[in-house]
Amino acid sequence: MDLLVPSLPTPLQEITDSVIIKAGVRLYIKRDDLIHPTVSGNKWRKLKYNLEQARSEGAKTLLTFGGAFSNHLYATAAAGKYSGFATIGIVRGEDPGERKSSTLKFCEEQGMQLHYVSREEYKLRNSDFYIDKIREQFENPFIIPEGGTSERALQGVQELVTETEEQLGRSPDYYAVAVGTGGTAAGILSTGAHVLAFSALKGGAFLEGDILNLVGENDKEGQLELFTDYHFKGYAKYTDQLLDFILKFKKKHGIQLEQVYTGKMLFGLYDLIEKGYFKTGDCIVAVHTGGLQGLLAELK
Ligand SMILES: *Cc1c(COP(=O)(O)O)cnc(C)c1O
């Protein structure tokens, strides 16, 4: 049975407060966190056409890559279970034994087979010879790259833009989105939209090239603005200032953000709004990419 049925279109919610009013801008949140209870946000968008392709190729098994806290592994494990594929996760780092992260526990509960590889081996994840080896070792699974980020992922993300523009009745001046691998930012950028991309990683400057390569057209550079200073000490790290922002945002707007991606993106966006980055009348759509299964208990 296919339990991967999404709630579409996801709501487009306007939010307002003194910062927004003072700057004279309009801010909407595209609530992709509400797309599906376990395959949330951008992971659902990115998996959609990967799964369709796997099905049309008659694949039985999905294989993908991620770290111990990967929202993508989590989503793939659930998506596979709901739509009748076996799943294999290649996990970066040593087998944690009894000390598994809740993400990896969840993946196992969905029936995902986990294979741990060294950090050196994990670095090979996108190279052709390694993929060939994996294909042979695991009997020809359908391989989804890390983060679900592939050409087919862009196609799924483009539908987020179509949906938003129907809801809004126009194109916004900017989309704001958090970046891990860059697949979501690339999907939005590929529609011709202007994208403000907030790196969740420290030293994320390389992501600009990655995003532009994914789009595969070299005329999009002027449409992309990558911000690398809102990582709060690095990937999956956080500070009291960030947690405080997330708690206040929830209190004010009733929207739960998490500390790895969406909290950092909205913190960065508010900082830009306050600093006068936008013109009066600008319309911004911030994408809530989900990820709430990784929420810190103290933010609930
Ligand atoms: C995975 C993830 C991202 C990063 O998406 P990319 O397409 O890899 O850049 C952003 N937000 C959330 C909540 C995620 O889970």
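Which helix gives the most to the shell around the ligand? To get there, let's walk through this predicted model from its sheet outwards.

The sheet is an open one with six strands, and reading across it you meet β1-β2-β10-β7-β8-β9, with mixed pairing. At the edges sit β1 (12-15) and β9 (224-227), each of which pairs on one side only. On average, neighbouring strands here are turned by 25° against each other, direction ignored. Look at the β1 end: β1 and β2 (residues 26-30) run antiparallel and are joined by four bridges. In that pair, E14 stands opposite Y28 in β2.

Now for the helices that pack on this sheet. Helix α9 (residues 207-215) touches β7 (174-179), β8 (195-199) and β9, and its direction makes about 145° with that of β9. Helix α11 (residues 262-274) also packs on the sheet, touching β1, β2, β7, β8, β9 and β10 (283-287); the direction of α11 makes about 165° with that of β10.

Next, the ligand. There are 14 residues around it, and K43, K46, T181, T184 and T289 come nearest. As for the opening question, it's α2 that gives the most to the shell, with three residues. Both α2 (41-56) and α8 (183-189) supply at least two residues each. By type, the shell holds two nonpolar, ten polar and two charged residues.

Some contacts are worth finding on screen. One oxygen atom of the ligand is 2.9 Å from an N or O atom in the side chain of N42, and an oxygen atom of the ligand is 2.8 Å from a polar backbone atom of G180. A ligand nitrogen atom, meanwhile, is 2.7 Å from an N or O atom in the side chain of T289. Taken alone the ligand exposes 380 Å², and the protein buries 98% of that.

Terms used:
Residues are numbered from 1 along each chain as its sequence is written. This is a predicted model: local features need pLDDT of at least 70, side-chain atom pairs count only at pLDDT 80 or more; totals for chains, interfaces and linings use all residues. Side-chain values use heavy atoms; hydrogens and water are left out. Two strands pair if DSSP finds at least two bridges between them. Axes are lines fitted to C-alpha atoms, for helices over the stretch in contact, and angles run from 0 to 180 degrees between N-to-C directions. Contact means heavy atoms within 4.5 Å. A residue is near a molecule or strand if one of its heavy atoms lies within 4 Å of it. A polar contact is a pair of N or O atoms within 3.5 Å; within protein, one must be able to donate a hydrogen and the other to accept it, and residues adjacent in sequence count only if both atoms are side-chain atoms. Accessible areas come from the Shrake-Rupley method with a 1.4 Å probe; for residues, only the protein chains shown count as cover. Ala, Val, Leu, Ile, Met, Phe, Trp, Tyr, Cys and Pro count as nonpolar, Asp, Glu, Lys and Arg as charged, and the others, Gly among them, as polar.
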